[in-house]
Structure formats: structure tokens, C-alpha cells
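Reader: I would like a close look at one part of this chain, namely its nonpolar interior. Please set it in the context of the whole chain and keep to what the coordinates support.

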Amino acid sequence: MESERSKRMGNACIPLKRIAYFLCLLSALLLTEGKKPAKPKCPAVCTCTKDNALCENARSIPRTVPPDLVSLSFFSRSLANNNLQTLPKDIFKGLDSLTNVDLRGNSFNCDCKLKWLVEWLSHTNATVEDIYCEGPPEYKKRKINSLSSKDFDCIITEFAKSQDLPYQSLSIDTFSYLNDEYVVIAQPFTGKCIFLEWDHVEKTFRNYDNITGTSTVVCKPIVIETQLYVIVAQLFGGSHIYKRDSFANKFIKIQDIEILKIRKPNDIETFKIENNWYFVVADSSKAGFTTIYKWNGNGFYSHQSLHAWYRDTDVEYLEIIRTPQTLRTPHLILSSSSQRPVIYQWNKATQLFTNQTDIPNMEDVYAVKHFSVKGDVYICLTRFIGDSKVMKWGGSSFQDIQRMPSRGSMVFQPLQINNYQYAILGSDYSFTQVYNWDAEKAKFVKFQELNVQAPRSFTHVSINKRNFLFASSFKGNTQIYKHVIVDLSA
């Protein structure tokens, strides 16, 4: 009897369990439904219908609006306009069904922050009433929809401090060797050539090797076929040539440079003419000879002495066209403390450089460096006292283009990084001035200052699509700057 009662009660519980199960399922569904993202509401400053939104007295554009709007309008009664100078980028993103946008009566500043609106206006299907720029001055009262993205110059560059090397230096060179990039720095006080390599993990430059000497002023690398050589110029103890021994994994001295000719080296240039490798040493002593050396397969030997007793401070190799010729011809420009810069031209028949002319009205030029823009050849002339200059080759002589105040300058270095042409003017008495080439004006314009103590050279180093500027310092730390490109419209 008792068991029968229990059985009936058990059967009665089955419907209750099913009801409870369905209730739990319904609750779960309701909870799940409640987790769905809420549909964007009409902003508080706007009145919305199914397809339209009218925003009154809005001081800014709402960040969220219903995605199915057809028309979005802004209207003001507290003002004559809404005082909007710009708009948040991508405010209309996702509103593909818009057919009308009214932004009249605003004071838009048509700078890089508004470039996106110009691009949006060029491809939207929505009707947009004419709106005008209030700034900058060159665009004042101009229709925004008459502008194009080409009217905005929003890409800027700068040199940002990246790394400090705790030693002084005089010259810096970069070279490729065994499919990698290296930097070599001449340290005058320790007498070393310090070699750096790029650390692909730490993303910094680290020590690779060194050559120890005395009073080192130039460490000039030259790679012939697959062999690395380094010409080490020293003020005392003679100058030497080293090669990289791949088996011993170190630098080995293979040759001394004749001390009777090279007494006080100040600069070295390497170049190649008709498959022959050369280097030239500018000698700044009263009894030395600026001399060209040629590779003969086993070593470098004296090929030509240009002149003596002129105390040359710099030598620059470049190729220029002399009218009526059409081919570029090798030239050397020697800078000296005792005469104007002298231009030598390569004679193909004699395989020697011959004296051609000088650069008039340019006494006391410490160094000459060249660069090219659209096939034209320019030079930067450095002067410690007076104005440094930029000059352009005119077919038979160099002509004045621009002057730069340069009291205390010992380096005026042109550099090309990607499509940007720079010139960097260092000074012992003030900040280093960085100039950028203005294609329309065909001259340099100042755009940045760097704080480098007694700069002596500036070198561009490119590694893994990263661009760096090495700045040598005679009195402070050697500095590394990263070349940064910034898009102001982003």
C-alpha cells in the first residue's frame, strides 16, 4: 500500500520536473538574449526618427549614432554656427545608407586632421551642402569639397635620439660585408677603430671588433670582391692597411703607407674607375703630399701625388658632366687651408687626374661634400669662419645657390634618406642645424636642431629598412638618431 502511494507520488513529480526544466531553459534563453549588444541609441543632443537624426546646439560630433540613419543634420539656434573646427576621423564609418549630410555653418580648420573628410567627400554617395575652410590662411573661404588629398602635406620626418655611445669620435663610415651592415668609428683619444654590428634581437648597435692604434683620425673600409680592407690613418706612428682574416676572425695588418708622403692625414676617400679601385689621402702637413693609391691585386701602391705644401683638409670624389660632353667624368675636389678648393679631372688617356680650375671667392673652405637632385650636381662647402655655401654645377663651373651662417662649423654634410634630401650643418659654438631640401624653392629649409658637442661627421646607416643618423663628437658622446616618419593625418 505504501509502495503504491510512493509510486503515484513519483509519477506526479515527472510533470513538475519537466516544467522546472523548461523554466530553466527559458531563463537561459532570456539571459542569452539579454547579452546581445544593444542597438546604438539616439545621442542625447539629437532627435532621431527611423531614418533621420537632427542634432541641435551640438558642440562636438557624437561618437555613436544609429547605423541605419539616412540623414544626419546639425543645427544651432546659444550661436551663428556650431563652432566645429574639425571632425573625428571615421565618424561616418558604417553609415553607408546616408543620403544627406548637413555640416554648414562651421569654422573648419582644413589641416591634416581633416584630410580624411576631403577623401570621404570624394567618394560618398550622400548629398553634402557646400562647406568652407576658415583656416589655414591659404585655404580660407575655399570649398572643402574642392580640395583633394594632394593639397595636404601631412608626412613629416624627424631625427629622434636612439642611442648614446660613451666615447668621442672623429669620423664614421658604414659598409656592407658578407650580407650584413657594419659601422666603423675612428676614436682619436683611444686610437681605436671600433666596429659595430646590428643586434637583430635587442634592436641596437653592439661591438663587433676593433683595431688598436694611436691617434686614429680615419678608419676607411673598402670591400674588393669579398675581401674587407680597412685603411687606418693616424697622426702619429704612421698609417696602415688591414684586412679581415676570415679564418683567424680578426684584422691583420698587411701594409704600411709611405710615411714620407703621408705625414698628417686628415681625410680619405675611396672610389672605383673602370674596374680599378683607388683611395686618396688628403695630407694637412706643410711637407706632406695628397696622394692617390691604386689596388694592384696584392696591395695598394702610390699611383699619383697631386700636390705638396698646401695643407689639404678634405678630398671629395664625384662625377660631373663638362659641356659639351654628355658622359659623367670622375673629378676630385681638394679643400685646403692655404688656397681655394681645387678641382681635378680624370684623364682617361693618362689614367691620371689633372688640375682644371678652382672655386672662386671661397677661401678657407674646410671641406666639400656633394649630392644630386634630379640629375643636377650640388656641393656643400664648409667654412669655420664666414658663411658656408650650397653651389650647383652649371656645366663649366659651380654657381652660388644658398648661404648658411656657420661660425665654428667643421662639417656641412648632405645626406639622402629614402626620398628625403638633407644637409646637416654642425657647429662648435651652437646647435647643429638640420635642413630639408625644398623642391619648389630648389634650396634647403631649416626644420630641426640637434645638440651635438663639436660635431665632426654625420653618417647615414640603413639596416633592415631602418634608417639611422650617426653623429660623431670630438668633445662628447657619439650619438645615434633614428629617422622617424610621422603621418599627421593618421
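Author: What follows begins with the chain as a whole, turns to the nonpolar cores, and ends with one buried residue in a strand.

The model is a predicted one, and its chain is made up of two helices and 35 strands. Of its 490 residues, 46% count as buried, while the area that the chain exposes comes to about 26100 Å², with carbon and sulfur atoms supplying 50% of it.

Within this chain the largest nonpolar core has 32 residues, and those with the most contacts inside it are F92, L117 and I144. Two elements, β2 (52–56) and α2 (115–123), each give two or more residues to this core, and α2 gives the most, with five residues. If one takes F92 and leaves aside its neighbours within four places in sequence, F92 is in contact with L72, L98, V101, L103, W116, L117 and W120. Apart from this largest core lies another core, of 17 residues, which includes I224, I231, I268 and W295.

A polar residue may be added to this picture of the interior, for Q255 lies in strand β16, which covers residues 250–257. Q255 counts as buried because its relative accessible area is 14%, under the 20% cut-off. When neighbours within four places in sequence are again left aside, the contacts of Q255 are with H240, I241, G299, F300 and Y301.

Definitions and conventions: Residues numbered from 1 in each chain as written. Predicted model: local features only at pLDDT ≥ 70, side-chain atom pairs only at ≥ 80, totals over all residues. Heavy atoms only, no water. Helix = DSSP H or I, 4+ residues; strand = E, 2+ residues; numbered from the N terminus. Buried < 20%, exposed > 50% of the residue type's maximum accessible area, 1.4 Å probe, protein only. Contact = heavy atoms within 4.5 Å. Core = buried A, V, L, I, M, F, W, Y, C linked by side-chain atoms within 4.5 Å. Areas by Shrake-Rupley, 256 points an atom, 1.4 Å probe, with all protein chains shown as cover.
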